[in-house]
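Let's take a walk through this structure together. Have a look at the sequence and the model, and then read on.

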Amino acid sequence: MIDRATFIPFLVEFTAQFFHTFWHLMANFPDANIPSTGNSSLNGTSDAVSHFEPNYFQSVFVPALQAGLSVWMQVTWSWNLSPAHFNPAVSLGFVVAGILKPLTFVLYVIIQCFSSVLAAYAVKAIVGGNPGYAAVPEDVSGIAIACNEIFMTGCLMFFILCVAVDKKYDNKTGPMAIGFTVFQGVLSLKAVGVVCISPSAAFGPAVVVGGKAWNRHWLLWVSDLIGGALAAAYYMTFFANDDICWLEKLRGNSPAPLATSDSLKSIRDEHLDETEMLPRTTL
């Protein structure tokens, strides 16, 4: 009999990806009365970035806030089960960091894409029309799009590793920080004309809509995967704990042994003996 713990991570990926894609598409369903914006939130055939100006709140700020809140919620509910990636770039970052096995990465990406497609079809069935998709504008430089995707996805990957991998991290606002990293990234939509950060979330709507929805779709995948991998390498080289830090391993330094509870109690008792005559303070 298969242990439940074996397939829980895969169910977490499926569920988180479905929630994230479904909510995003429902909250930002195309409105024929709004100028096209070229992002994954609205039906995009962007003619100019200037289209954002009269509708900035609805076409940029609201999608950014919705995406950030959704990520915050997915990370929060899955934290103690199996921290959800629901993003191939994040999964690849964990592979680079040595946390996720390559075969598991492949299975995760398949599940993420399949769940995204189901979510997009669910939205189409409910609303009765094609959902919005990540349209890469023809009049926007591919280099600009790639650089923005690499940086924004890299920022997300860096924050995730700082929160999820650092053994000393104990701030309960970690999931919120990850969500607001996505919020900040999507705000770049106004400057560039398209932003993705999660290629699996863009994959489902592209399958449902077809045709022009696939226009330069590959650019989003390549850029986001590069961003996730580079950020993971940067973190593992300079910021990871000593026992897994690449720089420390290269220098041949072995990590110092962790202090036990008994040794910590001894140090504390010695400190109290030395300072027991000092006045106490609330500082």
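Before we start, one term: a salt bridge here is a side-chain nitrogen of Lys or Arg within 4 Å of a carboxyl oxygen of Asp or Glu. The idea behind it is that side chains of opposite charge can pair when their charged atoms come close. Keep in mind, too, that what you're looking at is a predicted model. So how many salt bridges does a search of the whole structure find? The search turns up one.

That salt bridge joins the side chains of Arg 251 and Glu 248, with 3.3 Å from N to O. Both partners sit in helix 10, which covers residues 246-251, and they are three residues apart, or about one turn of the helix. Is each of them buried or exposed? Arg 251 counts as exposed, because its relative accessibility is 55% and the cut-off for exposed is over 50%. Glu 248 counts as buried, because it has 16% relative accessibility and buried means under 20%.

Now step back to the whole chain. Its secondary structure comes to 11 helices and zero strands, so if you trace the elements from the N terminus on, you read α-α-α-α-α-α-α-α-α-α-α. The chain has 283 residues, and 45% of them count as buried.

Next, the outside. A nonpolar patch of about 780 Å² lies on the surface, made by Phe 19, Trp 23, Leu 65, Leu 69, Trp 72, Met 73, Trp 77, Leu 81 and Phe 180. Two elements give two or more residues to this patch: helix 1 (4-27) and helix 2 (56-78). Helix 2 has the largest share, with five residues. Take Leu 65, which is placed in helix 2. Leu 65 can belong to the patch because its relative accessible area is 32%, and patch residues need over 30%. That value makes Leu 65 partly exposed.

Let's go inside. Rolling a probe the size of a water molecule over the atoms shows where empty space is left. In this structure there is one cavity of 30 Å³ or more, and the largest cavity has a volume of about 420 Å³. Its lining is made of 35 residues, and those nearest the centre are His 20, Val 71, Phe 86, Val 182 and Ser 198. Helix 1, helix 2, helix 3 (88-96), helix 5 (142-164), helix 6 (174-186) and helix 8 (199-209) each give two or more residues to that lining. Helix 2 turns up again here, with the largest share of the lining at five residues. What kinds of residues line the cavity? The lining divides into 25 nonpolar and 10 polar residues, with no charged ones.

Finally, the loops. Pro 137 is in the loop between helix 4 (102-127) and helix 5, and it counts as buried because its relative accessibility is 3%. The C-alpha atom of Pro 137 is 7.3 Å from that of Val 194, although the two residues are 57 apart along the chain.

Two other loops are worth a look for their backbone angles. Most residues other than glycine have a negative phi. Ile 197, though not a glycine, has a positive phi of about 70°. You'll find Ile 197 in the loop between helix 7 (189-192) and helix 8, and at 3% relative accessibility it counts as buried. Arg 216 is not a glycine either, and its phi is positive at about 55°. Look for Arg 216 in the loop between helix 8 and helix 9 (217-238).

Key: Residues numbered from 1 in each chain as written. Predicted model: local features only at pLDDT ≥ 70, side-chain atom pairs only at ≥ 80, totals over all residues. Heavy atoms only, no water. Patch = residues over 30% accessible without salt bridge, like charges linked within 9 Å, V, L, I, M, F, W, Y side chains within 5 Å. Areas by Shrake-Rupley, 256 points an atom, 1.4 Å probe, with all protein chains shown as cover. Helix = DSSP H or I, 4+ residues; strand = E, 2+ residues; numbered from the N terminus. Buried < 20%, exposed > 50% of the residue type's maximum accessible area, 1.4 Å probe, protein only. 1 Å grid on protein atoms, 1.4 Å probe; cavity = no way out; pocket = protein on both sides within 12 Å on 5 of 7 lines; lining within 4 Å. Points joined across faces, edges and corners; volume = space filled by probe spheres on them. Nonpolar A, V, L, I, M, F, W, Y, C, P; charged D, E, K, R; others polar.
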